[in-house]
Amino acid sequence: MGTSTERGDTRRWILRNMVEWLCALLMIAEPLAAMSLAQESQPAEIDFKIPAQPLGSALNAFAVTSGWQVSAASDLTTGVDSPGAIGRYSSEQAIQAILAGTGRSYRVDGVQMITIERASSAPAIPSVVDSSSISRQEQPEQKSKKPIKVPEIVVKDVRHSDQDTTSYTAERVNTATRTDMPLIQVPQSVEVVTQKVIQDQRAVRVEQALRNVSGVALGDVGQSGIAADVAYCRGFPCGYFKNYLRNEDQNQVLTFRDIANIQRLEVLKGPASVLYERSQPGGIINILTKQPQAERYASIDQIIGNYNYYRTMIDVTGPLNESKTLLFRINGAYENTESFRDVVRGQRYFVAPVFTWLVGNNTTITIEGEYIRDRRTPDFGIPAIGRGLASVPDSRFLGERFDTFAIEESRAGVTIDHRFNSNWRIESRFRADRSTATAYRTVGVAVLPDNQSIARFVFDQLAPISSYYWRNDVIGKFATGSIGHNLLTGVEIGRQHASYDQAAAPFSAINIFNPVYGTAAPVLNRTPFSHGFANALGWYAQDQISLFDNLHVLIGARGDYFYQHSNVAGVDTKAEDFAFSPRVGVTYLPIPQLALYANFTRSFIPNFGPFTAARNQFDPSMGTQYEVGVKADIVPGRLTSTVAVYRITKTNVLAADPTNPLFFVQTGEQRSQGVEFDVTAQLAPGWKVIATYAYTDARITADTTIPVGNRLPLIARHTGSFWTTYDLQGGPLKGLGAGIGLFAAGERAGDLANSFELPGYVRTDAALYYRKPEIFTRTNLIAQLNVRNLLDQEYFYSGGQGRASAAFPGAPATVLGSIKLEFY
C-alpha cells in the first residue's frame, strides 16, 4: 500500500498542477472573451442554396449548410414538399423559409438543436422568401450562441449521433429491438452512454465509460492482468457486440477496445439471445461506432498525463465527391504510457476507416475496418494473505521485466441497407475478425505456505483466433385493423476458429515484500496444445405490437444450432447444441411520460474459446430472467430515469477454478437478483447530471464442491455513481465549465470460495473545461483537465479471482490534460 509521504507528495503535485492549469485556462479565456462578445452581437448570415424539394431532403441540406442538429420523425416529412431557401439568411430565417407552407414548425431543444413538429394554428410564413423579406425587426433577436460544432448533424430518423455529442440523455435506442424505438417503450432495462459523457469524463477505455451504468462491475480475463474490457452485468459477464455483430472477449477480441471510433455505448440488461444468439444472461454491451458525415470535419486531440501517458487521436470525415454520395471517415490513435505499477508499460496503434456509398435514395452500403497493434506488460496484481490482501505498496509488481503481451487485431465488415418503401426494409451485415496474441510472461499460481512468496510459472504462448458472421434482417411495419405491428425476422450464420500453442515451465518464486527481478528468461519451445472451430446458425422473429397508443407488447423467439469441434493434446471432441430462446415483454404508459414494464427472457451460450485450456467440452450455460420496472421521461430529452427489479438464474456456469487459475470449472447454478436505478438529466442550461445505484445479490445456489450461498466474485452488493457538470452560459468567462463525480463500490468476494475480500471504495473525479468556438477561422478549441481519484483514495477496482492474483490496484490521483482542435 502507498505510504502517507508518497500520497502527500502526490496530493501536492495534483494541487499544483490544477492551479497551473486553471490559470492557463483563465489566461486563454480573458483575451478571447472580448472577441466572443463582439461576435455574438447578431446572427451570422449564410449563403443557402436549397431549391424546392421534399421536406426531408431540404432538412438534410439545411443541416449540412448550417451545422444545426435537426431531429425529424419520418411521418412528419414523408409526402411533404418544401419551398426551399435560396439566398443569404441567418439559420433561423432559413429554417422558417424551408418550413413555410408545410404545416410544420420547429421547437428549439438547445444551442443549434431543433426538433420538427406539427404547426399550431398560427399563420404560416409566406412561401416565397428572400433575404430581405424577413427583417431582423420581424424576428426575435437571438444572439449567435456559436457552440462547438460537431460533425454529426444529419437529420435524425433512426440515427441518433446528433444528440450524442451535446446531451447525456438518449431518447431512442436500437440495441434492444434492432428497430428504432423510443426508449420509454422498450420493456427491458436499457442504458446509453453518449459521446458527450465519454468526452466530458475523458474516458480512454470502455470500462471507464461503463462506470456510468448501474449494475456494471469491472472484471479480468484469464487472470493475466490484461483486461480486455471485461465487465459484469447484473453479476454475470457482459457480452460485447459492435454495430450489432459479435465482439466477444477471447473469441474476437484479445485486448482493450479503442475508444477513438466509439460513438456511444448501449447496454441492454438481461438475457438477449432472442436477437443476439448466444449471449450471457446479465446483458450485452453494444458498441456503436462513428460513421461518415456529409460535412467536412477534422479534429486532432492530444492527451498528456502523469506516468508518462501520451495519447493522440485524429478524426477526419466528409464527402469524396461533389454530390456527397460517397462519404468517408477515418479515426486513428497512438498511445504510449508507463504506469504507477513498477515495470509496467504499454504502447498502441489504432486506425479505423469507414466508407459509405449512398447508392440511391433507398440503398446505402457501408464498408468499415479496424486495425489494432497493442504491446504491453501483463500484470497479475497483488496476492491475498489470509482474509485480506498483502500489505504492499500499490506500485508492487510481481512479474519480470521480460513479461510481454503483444496483440494484433484486424476486422473488416460491410453493411447493406435497402428501403423498399417507408414501411419495409432489409439490412445485411457481415464482418470478419482476426486476432493474434503472443505472450512471454510469468504467472503467479499460488501463495506459498510461508505467506512471503508466490510460486510462478513462465509461459510462451501463441493464440490466433478468427471469426466470420453474417446476419440478414427484414424489418417492416403494418397494421391488422387498429393494431400496429413492427416486425423483424432474420437469419444469422457464423464460423469461428481458435488455436493455442504454448510452452510452460516452473519459474523461480518471488518474494512478495522484497521482490528481486532479473532472473534470466528460460528458452521455451512452443508446441500445439489445442485447436478447434465452431459453426453457428440462428433464425429469429420478433413483433412489436401496439394494441393501443399506451399499451405495447413485444414477442420474440429464436432457434439456434451450434456445432463445435476441438482437439486438445491430440484428443478430438465434438459437441452439437440446440437452443430455443424466447422473450415476452409488456409496456403500459398510464401517461405519456411514465411507463410500467415487465419481461421474461432466456439466454443460451456454449463455452468455447482459445483459453479454456481444459481437456473436455463444457455444457452450454443457460439463463432465465424475470424483470419489472418503471421508466420516466419527465422532460423528453432532458430528464429520464429507470428503476428495475430483476431475478436471473444461470445454470452450467463456467468460472475460474479456485485451485488452479489456468483451468475452469462449471459450478452448477448461480442466481442474481437486485434493484437498479439510473437517472440522466439536464436540470438547467449548462447543468447536466448522471446518477446510478444498484443492489446486486449474486450467489451460488447449487454446486457439488463450492458452498451454496457463496457470493459470486467481484460483485459488490452496493454500487453507485454520480457525475455532474456545469458550463457557464454567458459573461466574460463563457466557455468555462467544471465537473465532479463519485464512483463507489462495496466490498466484494475475491474468489468463488469466498476465501478473501476486496475492500469497498469511493473514488472522486473532477474536471475543468474551456471551449472556444471559432478561435481561428472555422476552428474550435477545447482545453480540458481531468483528475481521476482526486482525493488519492487507495482502492482495488477488480481482481483475478484467485489468491495469487487477488486484486488489481486502482491508480493514485491521476491528471489528464488535453487540447483538441476541430476544423470544419
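Start with the largest cavity: select Gln208, Ser339, Phe340, Tyr797 and Ala811, the residues that lie nearest its centre. In this predicted model, 41 residues line that cavity, and about 960 Å³ of space lies inside. Show the lining by class and you'll get 17 nonpolar, twelve polar and twelve charged residues. To see where the lining comes from, colour helix H7 (206-210), E20, strand E46 (808-809) and strand E47 (814-823), since each supplies at least two of its residues. If you feel like hunting for others, a search of the whole structure finds ten cavities of 30 Å³ or more.

**Next stop: the largest nonpolar core**

Stay with H7, which also supplies at least two residues of the largest nonpolar core. Which residues touch the most other members of this core? Pick Leu210 and Leu265, out of 34 residues. Other elements giving at least two residues each include helix H6 (195-200), strand E12 (231-233), E16, E17, E19, E21 and strand E43 (761-776). Now zoom in on Leu210: beyond its neighbours within four places in sequence, Leu210 is in contact with Val216, Ala231, Tyr240, Leu265, Val267 and Ile285. There's a second, separate core too, with 30 residues that include Ile454, Ile706, Leu712 and Ala804. In soluble globular proteins, nonpolar side chains tend to be buried together.

**A five-stranded sheet**

Two of the contacts of Leu210, Val267 and Ile285, take you to the next thing to select. Val267 has Ile285 as its bridge partner in E17. Strand E16 (residues 262-269) and E17 run antiparallel, with seven bridges between them. Widen the selection and you have an open sheet of five strands in the order E10-E16-E17-E14-E15, where the pairing is mixed. Which strands stand at the edges? They are strand E10 (190-193) and strand E15 (245-246); each has a single partner strand, so one side of each is left without a neighbour in the sheet.

**Two loops with positive phi**

Follow the chain back from strand E17 (283-289) into the loop that links it with helix H8 (273-276), and click on Glu277. Its phi is near 55°, a positive value in a residue other than glycine. Most residues other than glycine have a negative phi. Is Glu277 buried or exposed? It is buried, at a relative accessible area of 2%.

Then go to Tyr307, in the loop between strand E18 (297-305) and strand E19 (309-319). Phi is positive here as well, near 60° for Tyr307. Tyr307 is partly exposed, though, with a relative accessible area of 26%.

**Three strands in a row**

Select strand E20 (residues 326-337) together with strand E21 (residues 346-358): they pair antiparallel over twelve bridges. For one rung of that ladder, look at Glu335, whose bridge partner in E21 is Arg348. Now add strand E22 (residues 363-376), joined to E21 by eleven bridges and also antiparallel. A hairpin of four residues takes you from E21 into E22. Gly346 finds its bridge partner in E22 at Arg376.

**An enclosed helix**

Jump to helix H4 (residues 91-99). How many of its nine residues are buried? Nine of the nine, so the helix is largely enclosed by the rest of the structure. Among them are Ser91, Glu92, Gln93 and Leu99. Just past the end of H4, check Gly101, which takes a positive phi of about 75°.

**Last two residues to click**

Arg429 sits in strand E26 (residues 424-447). Buried means under 20% relative accessible area, and at 12% Arg429 is buried. Draw a distance to Thr415: the residues are 14 apart along the chain, and their C-alpha atoms are separated by 4.5 Å. Leaving out neighbours within four places in sequence, the contacts of Arg429 include Asn243, Tyr244, Leu245, Tyr469, Trp470 and Arg471.

Finish at Leu758, in strand E42 (residues 757-758). Leu758 counts as buried, at 0% relative accessibility. Leu714 is 44 residues away in sequence but 7.8 Å away in space, C-alpha to C-alpha. Show what surrounds Leu758, setting aside neighbours within four places in sequence, and you'll find contacts with Leu714, Glu747, Arg748, Gly750, Phe796, Ser798, Gly799, Ala806 and Ala807.

Notes. Residues numbered from 1 in each chain as written. Predicted model: local features only at pLDDT ≥ 70, side-chain atom pairs only at ≥ 80, totals over all residues. Heavy atoms only, no water. Buried < 20%, exposed > 50% of the residue type's maximum accessible area, 1.4 Å probe, protein only. Contact = heavy atoms within 4.5 Å. Pairing = 2+ DSSP bridges. 1 Å grid on protein atoms, 1.4 Å probe; cavity = no way out; pocket = protein on both sides within 12 Å on 5 of 7 lines; lining within 4 Å. Points joined across faces, edges and corners; volume = space filled by probe spheres on them. Nonpolar A, V, L, I, M, F, W, Y, C, P; charged D, E, K, R; others polar. Core = buried A, V, L, I, M, F, W, Y, C linked by side-chain atoms within 4.5 Å.
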